[in-house]
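Visitor: I've got a protein on my screen and no clue where to start. Can you walk me through it?

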Amino acid sequence: MCGIVGYVGSEDAVPIIVEGLKKLEYRGYDSSGLAIYGKNNFNVIKQKGRLAALEAKLEGRCISGTTGIGHTRWATHGEPSDINSHPHLGSKNKIAVVHNGIIENYKQLKDRLEKKGIRFVSETDSEVIAQIAEHYYNGDLLDTVIRVSNALEGSYALGIMCLDEPDTLLAVKKDNPLIIGVSDHGNFIASDVPAILKHTNKVYYLNDKEIAILQKGCVDFFNFEKEPIKKTPEIITWSPESAEKDGYPHFMLKEIMEQPKVLKDTIHSAIHSGENKNIIKNVNISCFNKIVITACGSAYNAGVVAKYVFEKLCRLSVEVELASEFRYKDAIVDKQTLVILISQSGETADTIAAMREAKSKNAVTLSIVNVLGSTIAKETDFCIYTAAGPEIAVATTKAFSAQLVLLYLLAINFAHKLNKISDEQKDELIEEIQTLPEKVSALLDDVKNIQHYAADCIGYKSIFFIGRNIDYAIALEGSLKLKEISYIHSEAYAGGELKHGPISLVEENTLVVAISNCKHLHNKIMSNVEQVISRGAKVLLIGNCPQGEMNDKISFMPLPEGSELFSPSLSAIVLQLFSYYVAANKGLDIDKPRNLAKSVTVE
Ligand code: F6R
């Protein structure tokens with residue numbers, strides 16, 4: 001949510017910032033803006049709407065300069081409008097600020113400043129930062145930023161420029177991501193790697209309460225005591241092309257198609273070499289009497305799948321909690337609990353809060369994260385990384401699939417350590433997991449059926465997803481994926497629950513997607529299918545064990561053979577393609593669905 005890009009160097013800052021902001025569009029935004037350092041003033045252009053509107057406004061204005069900050073805003077305080085867009089300036093036009101996060105005490109600060117005669121022009125919480133910075137400014141920007149940071153309550157990643165300090169950018173963060181990139185021609189601040197990947201793969205991750213001062217040839221880091229700190233850069237292995245559409249109409253389709261490689265790389269990282277393998281091998285599961293998995297959205301759904309796999313293989317009790325619930329429920333966890341946090345971004349506010357809550361109760365934390373150096377990756381006791389590369393589409397696909405395989409591999413290793421499976425069983429299960437990339441590849445080689453089927457589904461008002469056991473877990477993800485990008489109402493239910501209420505919603509114009517990979521439950525789910533058909537529904541049946549005659553009410557998408565435990569990885573592919581093609585046929589903005597942000601960094 002919100003994106004920040006800043007540049008100080010020898011090149012023209014405007015195109016670098018605009019291009020960087022485009023790479024952050026996936027984070028979700030409703031307006032954008034930039035400020036370029038001029039000799040006597042800041043050139044500020046702000047515009048409600050898409051970046052194209054900002055570009056149109058920039059056209060013909062001849063703004064040039066080699067230092068600047070830019071921002072994409074996802075409105076929280078104050079409607080999307082030109083005036084509420086960032087950067088914000090203090091009333092003396094001396095300090096310019098871009099902000100990602102929420103300032104919880106902005107009202108108190110604003111009241112105080114207004115009493116001193118300072119006039120605010122926007123409705124945002126962020127403007128207070130520029131105003132108070134100007135108010136505190138004593139000729140030393142570092143001093144000022146420390147003082148401002150100490151006055152702020154809430155979360156922030158900030159890019160700051162001061163008219164009195166030419167060719168200088170300041171960056172500071174607390175509970176929101178901010179990275180510093182260094183290149184030969186200049187240095188950068190950004191909310192995420194794709195924004196600067198074209199220019200550099202050498203990146204410093206700012207920790208909370210660290211400040212970076214960037215100039216053309218140098219970056220210096222300080223803590224809030226104004227002491228210099230030494231930081232080591234990370235080298236990002238993602239290629240610049242991985243953040244491009246590469247000829248696909250949408251990032252989502254590109255990312256769906258990348259899954260065979262992502263699965264292969266992620267599996268490889270966990271069973272052949274490196275840190276993932278060591279962690280999976282070394283976590284001593286016998287120390288724990290329960291596992292709690294907590295996450296949001298699709299990552300939560302991966303946790304629901306994992307509950308079935310862990311319980312089946314390890315015979316250990318597993319609870320799955322939405323992070324937004326876990327953080328406030330006074331959860332019963334202690335040092336004998338392993339809390340697993342799942343997050344693509346590693347920056348989801350609720351998941352971070354859940355992690356800190358678990359740690360405060362002495363639980364051991366293990367995270368599954370995609371973004372290197374993110375808050376969750378850094379703060380958990382153990383972190384294993386999905387090898388999904390940058391995921392740009394708001395709707396997660398490849399990161400979800402990578403999370404699933406890491407969870408399966410964790411479950412297998414834990415089960416083996418707990419003596420619940422033999423050496424041979426372990427080897428067989430791992431061997432089967434290694435067949436997943438090929439099976440996924442086969443599904444992706446033949447998308448015509450699902451594409452045609454989805455084209456006929458754009459008129460449905462409601463689509464229900466049903467399954468039993470692990471098929472129910474993946475039905476949750478199918479339903480989430482569909483509703484977020486196609487805006488068709490959908491719900492997922494355990495098949496057995498239909499008759500306890502939801503079946504009253506089934507009528508003539510209803511589609512029910514039934515998933516069937518659990519052999520022992522196939523007849524049960526087929527009874528549910530009969531029940532909904534007799535009430536006028538049409539059914540899309542997805543799975544590897546349907547038997548018997550299909551008819552004009554049932555369309556069937558077969559999945560490759562395999563054990564039910566890993567079948568969610570295959571169902572997921574068909575469900576992702578189904579959602580994608582429904583949304584594509586509706587002509588929707590698939591990569592940036594309305595109201596959604598890729599990285600939900602505020603509560
Ligand atoms: C759905 C989706 C979201 C995320 C959720 C958690 O397609 O992408 O539901 O899964 O916002 O995000 P992370 O995994 O970054 O914590």
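**A walk through the fold**

Guide: Let's begin with a helix and its surroundings: the cover over the buried residues of α1 includes β1, β2, α2, β4 and β10 (186-190). Keep in mind that this is a predicted model.

Visitor: How many of the eleven residues of helix α1 are buried?

Guide: Go along α1 (residues 13-23), which is largely enclosed by the rest of the structure. The buried ones are A13, V14, I16, I17, V18, G20, L21 and K23. So the count of buried residues in α1 is eight.

Visitor: Okay, β4 came up there. Which residues point one way from β4, and which point the other way?

Guide: Every one of them is buried, whichever way it points. That fits with β4 being mostly covered, with seven of its seven residues buried. One side gets T67, I69, H71 and R73, while the other gets G68, G70 and T72.

Visitor: What is the bridge partner of G33 in β4?

Guide: β4 has a neighbour in β2, and six bridges join the two in an antiparallel run. It's also joined to β1 (residues 3-9) by six bridges, again antiparallel, and there V8 stands opposite T67. For G33, the partner in β4 is H71.

Visitor: What is the order of the strands in the open sheet of eight?

Guide: The pairing in this sheet is antiparallel. Its edge strands, which pair on one side only, are β3 (42-48) and β15 (234-235). Reading across from β3, you get β3-β2-β4-β1-β10-β9-β11-β15.

Visitor: Which residue in β15 is the bridge partner of K202?

Guide: Start from β11, which covers residues 202-205. β11 pairs with β15 in the antiparallel sense over two bridges. In β15, the partner of K202 is I235.

Visitor: What angle does the direction of helix α2 make with that of β3?

Guide: α2 spans residues 51-58 and packs on the sheet. There, α2 touches β2 (31-37), β3 and β4 (67-73). The angle between the directions of α2 and β3 is about 140°.

Visitor: Which strands sit at the edges of the open sheet of seven?

Guide: The order in this sheet is β5-β6-β7-β8-β12-β13-β14, and the pairing is antiparallel. An edge strand pairs on one side only. That describes β5 (88-89) and β14 (228-229).

Visitor: And inside that sheet, which residue in β12 stands opposite K173?

Guide: We're looking at β8 (residues 169-174) and β12 (residues 210-215) here. They pair in the antiparallel sense over five bridges. Opposite K173 stands E210.

Visitor: Is S149 buried or exposed?

Guide: S149 lies in helix α5 (residues 141-151). Leaving out residues up to four places away in sequence, S149 touches Y156, V172 and F224, and its side chain reaches the backbone oxygen of V145 at 2.7 Å. Buried means under 20% relative accessibility. S149 has 4%, so it counts as buried.

Visitor: How do the directions of α13 and α14 relate?

Guide: Look at α13 (residues 398-417) and α14 (residues 423-434), whose axes come within 10 Å and cross at roughly 175°. Angles over 145 degrees count as roughly antiparallel. So that's what α13 is to α14: roughly antiparallel.

Visitor: How many residues of the contact of α13 with α14 are nonpolar?

Guide: From α13 come Y408, L409, I412, N413 and H416, and they meet D423, K426, L429, I430 and I433 in α14. Two of the contact residues are polar and two are charged. The nonpolar ones number six.

Visitor: Is N419 buried or exposed?

Guide: You'll find N419 in the loop between α13 and α14. N419 isn't a glycine, yet it has a positive phi of about 60°. With 68% relative accessibility, N419 counts as exposed.

Visitor: What does K226 count as at 35% relative accessibility?

Guide: K226 sits in the loop between β13 (218-223) and β14. K226 has a positive phi too, of about 70°, although it is not a glycine. At its 35%, K226 counts as partly exposed.

Visitor: Last one: where is P87?

Guide: P87 comes with a cis peptide bond, the one from H86 to P87, with omega near 0°. As for its place, P87 is in the loop between β4 and β5.

Conventions. Residues are numbered from 1 along each chain as its sequence is written. This is a predicted model: local features need pLDDT of at least 70, side-chain atom pairs count only at pLDDT 80 or more; totals for chains, interfaces and linings use all residues. Side-chain values use heavy atoms; hydrogens and water are left out. Two strands pair if DSSP finds at least two bridges between them. Helices (H or I, at least four residues) and strands (E, at least two) are DSSP runs, numbered from the N terminus. Contact means heavy atoms within 4.5 Å. Axes are lines fitted to C-alpha atoms, for helices over the stretch in contact, and angles run from 0 to 180 degrees between N-to-C directions. Angles under 35 degrees count as roughly parallel, over 145 as roughly antiparallel, 65 to 115 as roughly perpendicular and the rest as oblique. Ala, Val, Leu, Ile, Met, Phe, Trp, Tyr, Cys and Pro count as nonpolar, Asp, Glu, Lys and Arg as charged, and the others, Gly among them, as polar. Buried means under 20% relative accessible area, exposed over 50%, partly exposed in between (1.4 Å probe, protein chains only). A polar contact is a pair of N or O atoms within 3.5 Å; within protein, one must be able to donate a hydrogen and the other to accept it, and residues adjacent in sequence count only if both atoms are side-chain atoms.
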